[in-house]
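Please examine the structure shown below together with its sequence. The paragraphs that follow lead through selected parts of it.

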Amino acid sequence: MTMTLTRTATARPHSTRRRLSRLITNLWLVAALVLMTVMIASQRPQLLDPGNMVAILKSFSIMVMMILGLTWVIAAGKIDVSFMQVAALSNMLCAWGLSQGWGWWPAIAAGLAAGLAVGLLNGWLVAVMRLPALIVTISTASLCASLAAALGKGTVIRIATPGPLASLLEPHFGDAVPLIMLPVLALAALAWFVQERLTMGRYIYAMAQNEAAVRSVGVPVVGLTLVLFVFSGVCAALAGIILAENLASGQPMIGGPYLINGLTVVLLGGMMVHVGKPNILGTLTATLFIGVLFSGAALLGLPDYQRQIIQGALLLSGLVVAMLAARHHGERRKGG
Amino acid sequence: MSGFKDIMRQSARGLGFLALVIVVGAALALAEPRFLSPASLNGIARHMAANGLAALGLTFVVIVRRFDLSIPGVAAFAGMSMGAVIAAGAPLWVAIAAGIAIGAAIGLVSGVAISRFGLPDIVTTIAVGSICAGMAFLYTGGRSIFQNFFQVGITDLNDARVLGLGVSLWILLAIYAVAWFVMQRTRTGVAFYATGENPVAAHFSGIATRRYIALAYVLCAICTVLAVLLILAESGNAETNKGANLMMPAYAGVFLGAAILGGTSVLATLGGILLITMLLDGFALMGVPYYYSDGMISLILLAGVLAFSDSARNWLNSFAMVRAARHAASGEKG
């Protein structure tokens with residue numbers, strides 16, 4: 001409701017320039033994505049080959065799955081740096097269960113249960129025991145990484161039989177789109193609906209503004225925080241299971257690079273649609289943006305470490321732009 | 001009156017901490033008799049020097065109520081930079097000066113971005129750390145640097161002894177002594193604590209809070225550089241992953257020390273890092289696989305922070321009150 005009010009308030013001067021500037025803040029990342037894709041494709045047409053598209057969209061689906069929950073945790077003004085190690089743990093647990101002859105469904109259930117358990121632990125420590133979210137999740141992250149490595153005694157566990165998700169990873173629709181994208185997008189659409197249309201979405205953003213105030217008007221902040229961390233854990237665990245299927249193995253070190261990737265995407269995505277606030281649609285766009293950027297960088301022959309520098313710089317400049325935008329926005333609101 | 005109470009409480013905590021160190025040491029010595037051998041104690045002193053320096057840097061940042069996650073990245077880049085300077089044939093002090101200058105510059109960038117421009121600390125330092133970790137590959141593309149390391153004398157930092165103790169331990173003690181003096185006995189230290197506890201009040205008391213926050217990041221990066229310098233001295237070469245294991249022990253040392261000794265301070269960090277290093281080296285001696293050690297540290301950290309948190313205390317108090325009330329009620333009935 002608050003949203004509608006502010007929207008009509010800013011739309012009232014109804015000049016085309018205002019409308020245009022709002023359109024730009026909403027969709028500039030989409031434009032940047034298209035522009036970048038065209039630029040890279042003009043240099044390296046292989047970018048748009050079906051084989052490459054499948055690879056990009058597959059890692060897009062896995063990435064979105066992993067950080068769907070993280071988006072809301074950050075939107076609520078908290079932080080979770082354990083998501084990538086939760087994925088690594090569920091990935092290893094799934095592979096380890098299969099190597100013990102559990103069969104696929106129990107192995108998947110075990111992976112999800114691990115995500116649920118870590119999410120509950122994070123949520124309980126942050127929401128109920130009021131410990132700082134960074135200290136809690138940095139600890140549970142290295143706990144999960146430790147457990148993941150211990151399951152395979154420090155090495156990779158191979159998976160011999162393809163599981164129930166294998167068919168979802170096959171390319172369809174002109175050999176360019178993996179089927180897994182559809183359920184992931186459906187889940188993201190559901191999350192978008194919750195965020196935009198249900199009170200829960202309002203509460204998440206309100207929490208980031210002033211937790212004490214939100215608590216005192218009777219919003220169940222403790223329960224909501226718990227739910228957010230559990231959702232983040234379960235999403236990451238699901239991504240870990242998809243990774244197990246995709247790589248046909250459990251890899252204890254798989255988590256590492258996802259930390260900075262995930263944070264970059266969530267914060268970059270937070271710079272469109274609702275500027276300064278991480279949101280689902282922004283996360284989707286930013287994930288695709290990073291995916292195309294990395295694929296293009298690899299095709300252009302940039303080594304790994306240069307990608308890492310580019311990404312750090314992107315994250316940093318994203319933060320600066322978001323800061324400036326928020327300040328600009330605030331001043332304009334004060335003025336009107 | 002309350003001052004006397006505070007002193008009593010502090011010394012009780014201090015005694016409790018000493019008892020904990022003795023219990024942990026005894027348990028490790030029982031489980032693995034070699035734990036108390038001179039070689040093992042030397043190892044603990046050396047590892048404590050590196051871990052302790054990184055933790056000291058983090059202490060400043062935590063005192064101004066911020067976090068720094070760029071420690072591994074800064075360590076990687078500064079370590080490779082110092083390695084490159086040594087390999088180019090420069091004397092050791094030039095390499096150390098270059099490392100400190102690089103660290104200070106990186107810390108200044110993070111610190112100014114966070115304090116002056118108000119960027120969020122966690123994400124900013126992750127980004128800076130990522131850029132630094134990538135830049136560590138600029139010199140050799142990721143290969144180890146070892147040229148000139150033995151001629152230049154960097155290994156003396158690890159091997160040489162003064163009055164029976166390793167040089168690295170003396171370095172640690174000297175830097176901690178200076179840090180303790182500045183933080184506990186000067187206006188600068190008071191300004192750091194004031195900035196952390198109440199930035200608005202500190203601002204109106206004439207403290208340049210932004211400057212102290214930026215300074216905390218600069219000090220943290222410089223301490224990280226010194227820590228990685230000791231690691232280079234121990235291994236005799238520079239690699240891009242040299243600082244990867246500095247961050248978890250540093251966080252555990254700072255927060256465990258603060259939990260046990262009742263507040264973040266230079267001495268609390270020293271105590272915390274002593275405990276953590278004892279445990280880490282003990283586990284390594286007992287042949288515990290490397291992948292368990294991080295997990296155990298984080299478990300200890302979580303348990304420590306949880307056990308000494310306000311909520312746990314309130315919870316215990318309310319529990320005790322309920323029991324007392326029940327006791328009283330049953331007494332009335334009887």
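Helix α13 of chain B is mostly covered, with 14 of its 20 residues buried. This helix occupies residues 266-285, and its reach from first C-alpha to last is 28 Å, close to the 28 Å expected at 1.5 Å a residue. Just after α13(B) comes B:Gly287, which takes a positive phi of about 80°. Like everything described here, the helix belongs to a predicted model.

A helix of chain A may be set beside it. Helix α4 of chain A covers residues 83-99, 17 residues in total. Its C-alpha trace reaches 24 Å from the first residue to the last, close to the 24 Å expected at 1.5 Å a residue. Of the 17 residues of α4(A), 16 are buried, which leaves the helix mostly covered. A:Gly101, with a positive phi near 80°, follows α4(A).

Attention may now turn to the nonpolar interior. In soluble globular proteins, nonpolar side chains tend to be buried together. In this model the largest nonpolar core holds 205 residues, and the members that touch the most others are A:Met66, A:Ala87, B:Ala216 and B:Ala227. Helix α11 of chain B, residues 209-235, gives this core its largest share, 21 residues. Which residues are in contact with A:Ala87, leaving aside its neighbours within four places in sequence? They are A:Met66, A:Ala236, A:Ala237, A:Ala239, A:Gly240, A:Leu243, A:Gly255 and A:Tyr258.

Chain A can next be considered as a whole. Its secondary structure comes to 13 helices and four strands. The radius of gyration of chain A is 21 Å, close to the 20 Å that the globule rule gives for 336 residues, so the chain is as compact as a globular protein of that length. Along its principal axes the C-alpha trace of chain A spans about 65 × 55 × 35 Å. Of the 336 residues of this chain, 47% count as buried. Among contacts in chain A between residues at least 6 apart in sequence, 78% join residues at least 24 apart.

The two chains also touch each other. How many residues does each chain bring to the contact? Chain A brings 31 residues and chain B brings 33 residues. On the side of chain A that touches chain B, the elements that give two or more residues are α6 (133-151), α11 (258-269) and α13 (304-335) of chain A. By type, the residues on this side of chain A divide into 22 nonpolar, eight polar and one charged. For the complex, the predictor gives an ipTM of 0.79 and a pTM of 0.84.

Several single residues of chain B deserve a closer look, beginning with backbone angles. Most residues other than glycine have a negative phi, and most peptide bonds are trans. B:Arg65, a residue other than glycine, has a positive phi near 60°. It is found in the loop between α2 (38-63) and α3 (71-87) of chain B. B:Arg65 counts as partly exposed because it has 16 C-beta neighbours inside 10 Å, whereas a buried residue would need 20 or more. B:Asn148, also other than glycine, has a positive phi near 70°. Its place is in the loop between α5 (121-135) and α6 (149-152) of chain B. With 19 other C-beta atoms within 10 Å, B:Asn148 is partly exposed.

B:Asp159 lies in a helix, α7 (residues 156-159) of chain B. It is partly exposed, with 13 other C-beta atoms within 10 Å; a count of 12 or fewer would make a residue exposed. B:Asp159 and B:Arg46 are 113 residues apart in sequence, and their C-alpha atoms are 9.6 Å apart in space.

The confidence of the prediction remains to be described. Chain A averages a pLDDT of 83, and 92% of its residues score at least 70. Over residues 1-11 of chain A the pLDDT is below 50, and this stretch has one contact in the model beyond near neighbours in sequence. Residues 332-336 of chain A also have a pLDDT below 50, with zero contacts beyond near neighbours in sequence. In chain B the mean pLDDT is 88, and 98% of the residues reach 70 or more. Among the elements of chain B, helix α15 (residues 310-333) has the lowest mean pLDDT, 72, and helix α4 (residues 92-115) has the highest, 95.

Key:
Residues numbered from 1 in each chain as written. Chains lettered and ligands numbered in written order. Contact = placed C-beta atoms within 7 Å. Nonpolar A, V, L, I, M, F, W, Y, C, P; charged D, E, K, R; others polar. Rg over C-alpha atoms; globule rule 2.2 N^0.38 Å. Expected span 1.5 Å × (residues − 1). Core = buried A, V, L, I, M, F, W, Y, C linked by C-beta atoms within 7 Å. pLDDT = per-residue confidence, 0-100.
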